[in-house]
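I opened this entry to keep a record of what I looked up, taking the sheet of one chain before the contact between the chains.

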Amino acid sequence: MEFEPVIGLEIHVELKTKSKMFSNAPVLFGKEPNTLVVPLDMAFPGTLPTVNKEAVIYAIRVCNALHMSIDHELHFDRKNYFYSDLPKGYQITQDKRPIGSEGYLEIVKDNKEVKRINIERLHIEEDTCKQLHFNTFTLLDYNRAGTPLIEIVSKPEMRSGEEAMKYVEKIRSIVVFSGVSDGKMEEGSLRCDVNISLKPLGSPVFGTKVEIKNINSISHIQKAIDFEIARQSKILNEGGSIRQETRRYEDSKKETILMRVKTDAVDYKYFPEGNITPIALSDEFINNAIKSCPELADSKKDRYMNNFGLNEYDAGQLIMDKDISDYYDEASKHTKAYKLLANWVNVDVISYLNKNNISIQSFPLSAIRLAELVDMVSSNDVNSNQAREIFNKMISDNLSASEAKKALGIVSQISDDEFIKKVINEVLDEFPNSIVDYKEGKGRALGFMIGQVMKKTQGKVNPKLTNDLLLEELKKR
Amino acid sequence: MNYRNLSINELHELLVKKEVTPLELAKEAIRLAKEDKNNAFEYIMEKEALEIASKLTVPEANNPLWGIPFVIKDNFSTKDVPTTASSNILSGYVPLYDATVMTKLLEAHAVPIGKTTLDELAMGGTGTTGHLGTTFNPHDKSHTRYVGGSSCGSAAATAAGIVPFALGSDTGDSTRKPASFAGLVGFKPTWSRISRFGLFPFTPSLDTVGIFSRNVKDSAYVLNVLAGRDEKDSTSSTKPVEDYTSLVGKSIKGLRIGVVKEILDTLKDKNAIDAFNKSLEGFKEKGAIVNYVHIPTEILSSLLPTYFVLSCAEATSNNACLDGIKYGPYYDGKTYEEVMMNARTKGFSELIKRRFVFGSYALMSENKNELFIRAQKNRRRIVEAVNKAFEECDVIYTPAAPSVAPKFTDSSDRLSDEYLIADNHLVLGNFAGLPSITVPIALINELPYGANLMTKAFEEKELFMFASVLEDISGLKNLVAKEDK
């Protein structure tokens, strides 16, 4: 029998606010355990939560990017359960009234098909503390406890691992470009749980849902789902039935592994959080949150193509990484040679970063210096080989483009039309046979003549310009 | 000199005239606290009090609380001072921070003498369920009567004259009920008027800080210091703070006293009825108009079950942090579940566990609509009924309890006609979030008996005005239990 997969995703995104969701402890990563903790984070009795405005602004930005309707009143609820990583014995979240509801995003599949994925809700909540399990004991790090999270819940509308992967890529791009999160799956700042079931093609009845947790890279999402589709299809085709269970993806085996069989759903005994009275969000507040949002990837891509004349490939490359596109944006304020600039960023800069295994933040060449170099190339002041030499010198000696050029002893190309024409005519006068050869269609003749011009000028003339002018002058003869 | 029956004002005058020093007052209060036979104290802050008091050498004439000793219920977080909420699950817990009210009193240069006992985790109204056992009513030297709770220790310490004022908390009537039994003024403000930061939560939407004092104006002085917005409590009001003493002693001529007929009708104790009626005559003599107002019996009968459902449900969640992992005694276990279960099994008394079980039950998805949601809806009906009653009066006036402090041996059916309403109606003030004050109105066989006044939200000034008139009518000001022999 043929089955149709039904896939829904729950994505948790850690917000990179200055302080925690409900306390004033700082949000930072990689610090000494239990050094970013105030009494509230460890649920000391009597402490009270205060809502982090920045986190609300961030949540609004993401809601807007996902075309959601935004609740004009903030409500928080308690989700009650006992667990060692949950200091208060409850998590403050939004149950009844999530800040965002009923949105969507569009993914472009590899076959260029555009598919809209509807999104059910986006709510604000807080992270738990981090546990490190050992054989006979567990260590708790409360640095993470209370870090602001948004949870984005899709409708179960994805049908393949590819769609799910594209969906997560899109969400990741949105949260990163809007400046609300690092969006790093490997570091847990973006976490994805997959719900997947199979149903006979065309059937209105859903199958039993399996949850896949702890997927820690975007590529694993597709692999985990593809494996799970195959696993469940096999069971169903053999006449078996699917258990309701939680699984995790093990990349070394390229398969999903059973974590636990789910019995009844946990009753979280939700009720309203009495320590936070509902907060009215004015139109002005919401509009400002949206207006202050950095430009998203899609908009940048459009701008690169429509305003800067880049092709889709180049524009697409630039928006793969927010920091790269920010670098490009900065450089593009200082040169008009947008296409050439895109080439330099996409080829030379990226390959330097890859070779040295560094990020654009640690790239020694500032955007404005790169723009200067690009201008040199675009005005034919130096040729592209010279430009690469200058590029390397700028990096190694921390120099501006003109300083590096001078240090390398590179002399500017001559681009003075009148001067070049004068030299060309000297050459034409000296070698009338070459003119004849050229007119008879002997291609070599042109190269010879250019070579003679180069010789007379010690190679300083701009080759392309010389070529163009030579053709013009030849027509006159 | 004996300072036991002096008011804040009287002590202030002595302090400003340097007839007594804060250190002398603190030492005397500590001596009395050490001699306390009513089980009022969890912890006597001797070292802290002496250190603070000895630094107070320059009298502050415009600061009525300068050098005044006080005690504070042990469910307020106090930095470096053990805080147990009278529960074994917090034995040995020493907080890292001060509750905002503690900070404000310290900044006002009042002198903390100790932490007082309470019904475990403030859940209870008898003053008998804390981990140190029963707290006694200082007005009964034979130790046979309740002082009431949950703020039992603060009530006992103030009634015994150890300090002129004390902080309690009030979720159902935990300050105002013991005040009636102990002959004190017991005040709760409008919800959000005083920061709750550092008060161990019981039911956040009902919880307020409470003030005990021996006269009305003293409570107003303390409120002047405690009221106001606190950034650490986002529910605290931004409404400007007023001088809450400004209307004390002013005339209430022409103002309407609303007596809830249905509550008064449930009062069975003859002495209590007489005392209440007498005070009504007094109000009339002061030129007030007495109006009988109505809150349907059906609503009043629903107060206890509604309160029980909402408070237990929220308490279950509020106390889920007490799991033996982060603070309090640690009991071992092979798994985290075992660690938590051991701590919670050994740390809480049976009574508390029963409330948690009930609270969880009320929140379970299969019961939630029938219990929790229904109670929430009923709360709205209760508030509407209170607001309606205020259409015909400026203050609601009721007896504060069915009788004087009952004996431990009195068997009583808490759900009977005699108790169901008269013993529980003070929670109206918590449901509606309104300011409410209990004032002694009579001594019945040498035992104090109080009545309660409630005004509209943020009408604390007016409340103290009515209360001061009532105090004037009864003449029971600065009442102190006879000293132990």
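I began with the sheet of chain A, bearing in mind that this is a predicted model. I found an open sheet of nine strands with mixed pairing, which runs in the order S2-S6-S7-S10-S1-S11-S12-S13-S14. At its edges I noted strand S2 (69–70) and strand S14 (255–261) of chain A, each of which has a single partner strand, so one side of each is left without a neighbour in the sheet.

I then followed one of these edges inward. Strand S13 (residues 245–250) of chain A pairs with S14(A) in the antiparallel sense, and I recorded six bridges for the pair. For Glu250(A) I looked up the bridge partner in S14(A), which is Glu255(A).

Next I asked which strands helix H2 (residues 161–177) of chain A touches where it packs on the sheet. The list I wrote down is strand S1 (3–14), strand S6 (100–108), strand S7 (114–126), strand S10 (148–154) and strand S11 (190–200) of chain A, and the direction of the helix makes about 20° with that of S1(A).

I turned to charged pairs and searched the whole structure, which gave 67 salt bridges over all chains. One that I wrote out joins Arg78(A) and Glu273(A), whose closest N and O atoms are 2.8 Å apart. Arg78(A) lies in strand S4 (residues 77–80) of chain A, whereas Glu273(A) lies in the loop between strand S15 (271–272) and strand S16 (279–280) of chain A, so the salt bridge ties together parts that are 195 residues apart in sequence.

My last entry concerns the contact between the chains, to which chain B gives 39 residues and chain A gives 30 residues. I noted that the two chains bury about 2,700 Å² between them, with 63% of this on carbon and sulfur atoms. On the side of chain B, Ser317(B), Lys326(B) and Tyr336(B) lose the most area to chain A, and together they make up 18% of what that side buries.

Across this interface I found zero salt bridges, although twelve residue pairs are in polar contact, both residues being at pLDDT 80 or more. The elements of chain B that give two or more residues to the side touching chain A are helix H11 (303–318), helix H12 (336–347), helix H13 (350–363) and helix H14 (365–389). Of these, H14(B) gives the most, with five residues. I closed by sorting the residues on that side of chain B, which divide into 20 nonpolar, nine polar and ten charged.

Technical notes
Residues numbered from 1 in each chain as written. Chains lettered and ligands numbered in written order. Predicted model: local features only at pLDDT ≥ 70, side-chain atom pairs only at ≥ 80, totals over all residues. Heavy atoms only, no water. Contact = heavy atoms within 4.5 Å. Buried area = accessible area lost by both parts, 1.4 Å probe. Salt bridge = Lys/Arg side-chain N within 4 Å of Asp/Glu carboxyl O. Polar contact = N/O pair within 3.5 Å; in protein donor to acceptor, adjacent residues only side chain to side chain. Helix = DSSP H or I, 4+ residues; strand = E, 2+ residues; numbered from the N terminus. Nonpolar A, V, L, I, M, F, W, Y, C, P; charged D, E, K, R; others polar. Pairing = 2+ DSSP bridges. Axes fitted to C-alpha atoms, helices over the stretch in contact; angles between N-to-C directions.
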